[in-house]
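Thanks for coming. I will go through one structure this morning, a few residues at a time. Please have it open in front of you.

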Amino acid sequence: MATIGFTLTFWAWDLIAPLASWYGDRLSLSSFEQSLLVAVPVLVGSLGRIPAGALTDRYGARRMFPLAAALTIIPVLLLTVVKDSYPLMLAVGFLLGLGGTTFAIGIPLVNSWFPPAKRGFALGVFGMGMGGVALSGYFTPRIAKHGENLPFLVVAIALAAYAVLAALLITDRPDRPVPAASLAHRLGQAGRLRVTWELSALYAIGFGGIVAFGVYLPTYLKTWYELDPTDAGTKAAGFALVTVVFRPIGGWLSDRVHPALVTSAALAVVALLAIVQAFDPPLNPGGTTALLLMAAGLGTASGSVFALVSQVTPQSQVGSVTGIVGAMGGLGGFVPPLVMGAIYSAKGSYSIGFMLLSDLALAGCVYAYGRMRNVRPEGDDAPPGVSKVAARRP
């Protein structure tokens, strides 16, 4: 149920991106304005994970999941009436960001039901819900061909059905620790953990890359390779599908090998292939191969980073830490579309953007290998809110 809910709300969160070129033509938007339109829901959904995670620690996913799904219906339906106004589209995009907060609701739910040795894979399976981006990229433009408002109506109905089912079927673990401290105090505790910000940086590269490609890849393919919107959306959906498949693989590998090593290897692949794409290879086969291999690396890294989260975070703080890490990951996806749009507007090329991605991935690769190998799982003797990190390398 958590994975289904994550998938549907992610589809809603990403509804604007597959139709961005259509909105761009309809509203005569510049490349930057179009990028901002698809980036606003990412920003809001990312920041919203911080309170959503902390509230889930307190009130449980049984309440939070149906509530988030039901509230997301409002901006989805509003998209049918504001399509001729760019300022109103931005405002509704702000509200649509609510759909991106469910990640921080599902992680503590799934984490509480599985033993540590299986959490990496279980969280990876939940993370497959980001396949909602793939569903959106593939189905949204095709459904829109039968009626420009139809995609929003279909998603709204699906969210309403899910909200009812989630209220009936989702169950929080009975013995889960319920923090008594205030929301601000719990977020402050999570924010004081060094590992929270280290994981945030790595997740901003891995998951941020996925989000950035999810919202901007259709525009990139349409602009640079001159694909029509439907074909661009289909290829972007294929990219998203690969990230979905490799996320549980990253978690599964992290149950067997230190997740820092998995993260480092995955980001090394991303760094290498981003350089290849910076040289603008032909789409078939060079560009397609490079993009799909980057998708595999980003998906693997996303799964392995949250395997680290489950290792070093006290159970009562998983939601709060997840909220912060998830927010940073989403923010990592907010900036690149704006950068890519601005670079293309100024230089007429995307190469600089891909080289910046390569630099970031390489930095994450080195840090994960050099520093994060020292992270150790929580022990019974660890004081609450403190992660065990070895003072020196093994």
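Start with Gln277 and what surrounds it in this predicted model. Setting aside neighbours within four places in sequence, Gln277 is in contact with Tyr220, Tyr225, Gly287, Ala290, Leu291, Met294 and Phe354. One of these, Tyr225, also shares a polar contact with Gln277, side chain to side chain, at 3.1 Å. Gln277 itself sits in helix α13, which covers residues 259–278. Is Gln277 buried or exposed? Its relative accessibility is 0%, so Gln277 counts as buried.

Next, the salt bridges. How many does the structure hold? There are six salt bridges. I will take three of them.

The side chains of Arg26 and Asp84 form one, with N and O 2.6 Å apart. Arg26 belongs to helix α2, residues 20–27, while Asp84 is in the loop between α4 (61–78) and α5 (86–96), so this pair ties together parts 58 residues apart in sequence. Arg26 counts as partly exposed because its relative accessibility is 34%. Asp84, at 57%, counts as exposed.

Arg26 has another partner, Glu148, and here the N to O distance between the side chains is 3.7 Å. Glu148 lies in the loop between α8 and α9, 122 residues from Arg26, and the pair links distant parts of the chain. With a relative accessible area of 36%, Glu148 is partly exposed. Taken together, Arg26, Lys83, Asp84 and Glu148 are linked in a network of salt bridges.

The third pair is Arg194 with Glu198, where the closest N and O atoms are 2.9 Å apart. Both are in helix α11, residues 194–224, and they are four residues apart, so about one helical turn separates them. Arg194 is exposed, its relative accessible area being 53%. Glu198, by contrast, is buried, at 6%.

Last, the two helices on either side of the Glu148 loop. How do α8 and α9 cross? The axes of α8 (residues 132–144) and α9 (residues 150–169) come within 7 Å, and the crossing angle is roughly 125 degrees. That angle makes α8 oblique to α9. On the α8 side, the contact is made by Thr140, Ile143 and Ala144. On the α9 side, Leu150, Pro151 and Val154 take part. Sorted by class, this contact has five nonpolar residues, one polar residue and no charged residues.

That is the end of the walk-through. I can take questions now.

Conventions
Residues are numbered from 1 along each chain as its sequence is written. This is a predicted model: local features need pLDDT of at least 70, side-chain atom pairs count only at pLDDT 80 or more; totals for chains, interfaces and linings use all residues. Side-chain values use heavy atoms; hydrogens and water are left out. Buried means under 20% relative accessible area, exposed over 50%, partly exposed in between (1.4 Å probe, protein chains only). A polar contact is a pair of N or O atoms within 3.5 Å; within protein, one must be able to donate a hydrogen and the other to accept it, and residues adjacent in sequence count only if both atoms are side-chain atoms. Contact means heavy atoms within 4.5 Å. Axes are lines fitted to C-alpha atoms, for helices over the stretch in contact, and angles run from 0 to 180 degrees between N-to-C directions. Angles under 35 degrees count as roughly parallel, over 145 as roughly antiparallel, 65 to 115 as roughly perpendicular and the rest as oblique. Ala, Val, Leu, Ile, Met, Phe, Trp, Tyr, Cys and Pro count as nonpolar, Asp, Glu, Lys and Arg as charged, and the others, Gly among them, as polar. A salt bridge is a side-chain nitrogen of Lys or Arg within 4 Å of a carboxyl oxygen of Asp or Glu.
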